[in-house]
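Trainee: I'd like a close look at how the helices sit against each other, and at what surrounds them. Please take it slowly and explain each term as it comes up.

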Amino acid sequence: MKAPTIHDPFGERRAADVRAQLSVLGCDFSTESNDQSLLDLAIDAFGGLPRFKLGGRPPQLNVSLVLNNHDGTWPHGAEPPQPVLSSGTGLLCATMDAGNFAIVDVASARALICVSNAMLRHPYHVRYELIEFAFLTLASRVQSLVPLHAACVGRNDSGLLLMGATGAGKSTLSLHALAGDMQFLSEDSAFVAPTSLRIAGVPNYLYVQRDSLDFLKSGALRQQIQRSPQIRRRSGVQKYQTNLREVPGEIARVPLQLAAIVMLSRRTVKRQPALKLLPPKTFLTRLRREQPYAAGMANWQEFEARIANRPVYELRRPQHPDIAVRALQALLG
């Protein structure tokens, strides 16, 4: 890696030695880097995923990954600083420190991700908080997709959006849906085309806590999860990080058509039906409260109008996740 010099203070003449073509949320990304290990983190995130098509010719986007010699500003052995988000003149930024940041330029369809040698020792944070941030933000903004904090599972290419606050059980329910032969699209983030209501996602990793396996049947899926490495979220919660490209089960190969929305509740039921149809007014109030980022987007009003003819349910937690999966399967016939 060549460091900037007095003749090239910005490192503009630094060679991009390695390249990859990646498909993310229906966009084609030309990705370049001056370091193979850094590029490999982008390939770990998005390589081998389904090549979704959301309509028309896929947008052509560019991302540059730059490894630099910045030493890092946090104590040795501590986790990296949490990204600070900012914007200005059409640019969107996630900044950890002077050597670790991502800049997204939507108008120019490109992004820059800078990572230090010190940060490269924290591959999960590099991939999840810088690389995935830049790729997903760029792809969703260029295509005017609605970004939702939601899981998505389906059958026969029809999808259910599973919404709920952190801890409501989206990951556990998605896991059991995968084990129950449903199509798996996402367990945390879903991106909806507001006109067509087709849902795209990134089925790359599944993050579940150890107790999420309590009700999962023994078999290849459970064994694969238990062999997976564990990561620690910023909250301190430890989770298995399971590569979905290596597990048994059906990953959605096309964007799923939105059939219904399911709001997950922490309330439990024993004998009553787990699903309850929600009135539109109640749903919209709850939706705006739980999706504040998406609700501020320019296309939110169109999204609200389009989903008005889709049924919305509240799912109360039954005694076993498989009971909830059967309820979801029934919604999709």
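Mentor: Let's go through two helix pairs, then a few single residues and the cysteines.

A quick word on the ground rules. This is a predicted model, where local features need pLDDT of at least 70 and side-chain atom pairs count only at pLDDT 80 or more, while totals for chains, interfaces and linings use all residues. Residues are numbered from 1 along each chain as its sequence is written, and side-chain values use heavy atoms, with hydrogens and water left out.

Helices and strands here are DSSP runs numbered from the N terminus: H or I over at least four residues for a helix, E over at least two for a strand. Two packed helices are described by the angle between their axes and the distance between the axes. The axes are lines fitted to C-alpha atoms, for helices over the stretch in contact, and angles between N-to-C directions run from 0 to 180 degrees.

Start with helix α1 (residues 36-46) and helix α2 (residues 123-142). Their axes come within 10 Å and cross at roughly 70 degrees. That is why α1 and α2 are called roughly perpendicular to each other; the label covers 65 to 115 degrees, with under 35 being roughly parallel, over 145 roughly antiparallel and the rest oblique. The crossing of α1 and α2 is also right-handed, meaning that the near helix is turned clockwise from the far one by less than a right angle (anticlockwise would be left-handed).

Who does the touching? On the α1 side, look for Leu-38, Leu-41, Ala-42, Asp-44, Ala-45 and Phe-46; on the α2 side, for Pro-123, Val-126, Arg-127, Ile-131, Glu-132, Phe-135 and Leu-136. Contact just means heavy atoms within 4.5 Å. By class, this contact of α1 with α2 has 10 nonpolar residues, no polar ones and 3 charged. Nonpolar stands for Ala, Val, Leu, Ile, Met, Phe, Trp, Tyr, Cys and Pro, charged for Asp, Glu, Lys and Arg, and polar for the others, Gly among them.

Now zoom in on Ile-131, which is part of helix α2. Ile-131 is buried, at a relative accessible area of 0%; buried means under 20%, exposed over 50% and partly exposed in between, using a 1.4 Å probe and protein chains only. Skip its neighbours within four places in sequence, and Ile-131 still contacts Leu-38, Leu-41, Ala-42, Phe-46, Leu-65, Ile-113 and Val-126.

Ile-113 turns up again around Ser-64, in strand β3 (residues 60-68). Beyond its neighbours within four places in sequence, Ser-64 touches Glu-32, Ala-111, Leu-112 and Ile-113. Ser-64 counts as buried because its relative accessibility is 19%.

For a contrast, find Pro-292 in helix α6 (residues 292-295). Pro-292 is exposed, with 59% relative accessible area. From Pro-292 to Ala-45 is 26 Å, C-alpha to C-alpha, with their places 247 residues apart in sequence.

The second pair is helix α3 with helix α8 (residues 321-331): their axes are 9 Å apart, at an angle of about 70 degrees. So α3 and α8 are roughly perpendicular too. Here Thr-172, Leu-173, His-176 and Ala-177 of α3 meet Pro-321, Asp-322, Ala-324, Val-325 and Leu-328 of α8. This contact of α3 with α8 splits into 6 nonpolar, 2 polar and 1 charged residues.

Helix α3 (residues 170-179) is largely enclosed by the rest of the structure, because 8 of its 10 residues are buried. Among them are Leu-173, His-176 and Ala-177.

Just past α3, have a look at the backbone. Most residues other than glycine have a negative phi. Asp-181, though not a glycine, has a positive phi of about 70 degrees. Asp-181 lies in the loop between α3 and β10 (183-186), and at 63% relative accessibility this residue counts as exposed. Leu-25 also has a positive phi, about 50 degrees, without being a glycine. Leu-25 sits in the loop between β1 (18-24) and β2 (27-33), but at 3% relative accessibility Leu-25 counts as buried.

Last, the cysteines. A disulfide is a pair of cysteine sulfur atoms within 2.5 Å, and the count here is 0 disulfides. For Cys-27, the nearest cysteine sulfur is that of Cys-152, 18 Å away. Cys-27 is buried at 0% relative accessibility, and Cys-152 is buried with a relative accessible area of 0%.
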